[in-house]
Amino acid sequence: ICGVFRVDLGHMRSLRLFFSDEACTSGQLVVASRESQYKVFHFHHGGLDKLPDVLQQWKYCAETHLKDQVADEKTCMQFSIRRPKLPSSETHPEESMYRRLDVAAWLRHLNALGQVEEEYKLRKAIFFGGIDVSIRGEVWPFLLRYYSHESTSEEREALRLQKRKEYTEIQQKRLSMTPEEHRAFWRNVQFTVDKDVVRTDRSNQFFRGEGNPNVESMRRILLNYAVYNPAIGYSQGMSDLVAPILAEVLDESDTFWCFVGLMQNTIFVSSPRDEDMEKQLLYLRELLRLTHLRFYQHLVSLGEDGLQMLFCHRWLLLCFKREFPEAEALRIWEACWAHYQTDYFHLFICVAIVAIYGDDVIEQQLATDQMLLHFGNLAMHMNGELVLRKARSLLYQFRLLPRIPCSLHDLCKLCGTGMWDSGYMPA
């Protein structure tokens, strides 16, 4: 009746202990054989700090037992403990200067007409401190370019009325399709949307329960977007992007137009099309070469399969939403949406994950499929705030690099304004 979980430690390649908090009390224990990896224990609420001492004793016993065996066999027994740490010397010099943007701080950025003054300072504050949950619904439409920073309160209210009318017209266009058009739409779009929305963020109170009207709102937004932008239509993963926006903005029409802004203006949203993903990976490979050469050299040693970097495709497609708890993922979104000093901060997030959690990949010379398992096992067990701090530090260090040409020289123009500077849009 009860399932039995069994791992043959005689075929174990390594035993990895990952801490997911800076206090090093929570995390997971992973056993890796030559063929697969198994998450054996999860410590969500502490206690993992007691286990390393026991495992260190086990490691000593194992090494003593294996001392007479050939060297090749010894290398198949590895034990590692990964503690996520970021020395103060590796943090951005302005890291501790900004607090979370709360109501009072937000109001100080608005003048009497409701216009945002000194937009750059606002973006910088959000980049370092994030946005308090209580005002996300008000600030996100600015970050997603639904509202312009120069607009007054009255102009924004007029825009909302106009956009609500446009949204109604888009929905009416969808509802008035001919039977033949509707059959094609159902086959190409609606069938997938209907499957996805019922399993998106259902643990969130906002979408929980049967017959939840918010799930239907999300469904209408996605169907209407496919009508509004038939060239993109709908692809799996879009519901993961819409759901948090709807839960914060709360209005269906406003959420729709925020999502339009996200898809139009935010580079780190990658479509599943091969050419879009390849462009992201091209930039990321070059950034790794410049900032984390050892990991880049390991990818090169694996050949074409390694350079495809399959382990980070989901990071880019879903904007890290499946890698971190929602609160931390949304903080990462806000830092990317701030477009402070770069429009490509999401790539620095990728490098930060590799820098903090990728040592085993290099030390154990993991193959492509093992790398995929390694980083997949880290999902929801990484420290989002630590990754953010590391990414900000990497951006700071990158901008101090000697002005040397790289293989992306014509794109990023390290000697001047280029793709790494906020505002640049590649052709």
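**Reading cavities and confidence in a predicted model**

A search of the whole structure turns up two cavities of 30 Å³ or more.

Reader: How do I read "cavity" here?

Author: Rolling a probe the size of a water molecule over the atoms shows where empty space is left. On a 1 Å grid over the protein atoms alone, a cavity is a set of points where a 1.4 Å probe fits but cannot get out, and its lining residues have an atom within 4 Å of a point. Points are joined across faces, edges and corners, and the volume is the space filled by probe spheres set on them. Here, the second largest cavity comes to about 30 Å³.

Reader: Which residues line the second largest cavity?

Author: Leu-284, Leu-288, Met-309, Phe-311, Cys-312, Trp-315, Cys-350, Val-351 and Val-354. Helix α16 (345-357) gives at least two of them, as does α11 (274-291); the largest share, three residues, is from α16. Helices are DSSP runs (H or I, at least four residues), numbered from the N terminus.

Reader: How much should I trust the model?

Author: This is a predicted model, where local features need pLDDT of at least 70, side-chain atom pairs count only at pLDDT 80 or more, and totals for chains, interfaces and linings use all residues. Residues are numbered from 1 along each chain as its sequence is written, and side-chain values use heavy atoms, with hydrogens and water left out. pLDDT is the predictor's confidence in each residue, from 0 to 100. The chain averages 83, and 79% of the residues score at least 70. Over residues 65-77, though, pLDDT is below 50.

Terms used: On a 1 Å grid over the protein atoms alone, a cavity is a set of points where a 1.4 Å probe fits but cannot get out, and a pocket is an open set with protein on both sides within 12 Å along at least five of seven lines; lining residues have an atom within 4 Å of a point. Helices (H or I, at least four residues) and strands (E, at least two) are DSSP runs, numbered from the N terminus. Contact means heavy atoms within 4.5 Å.
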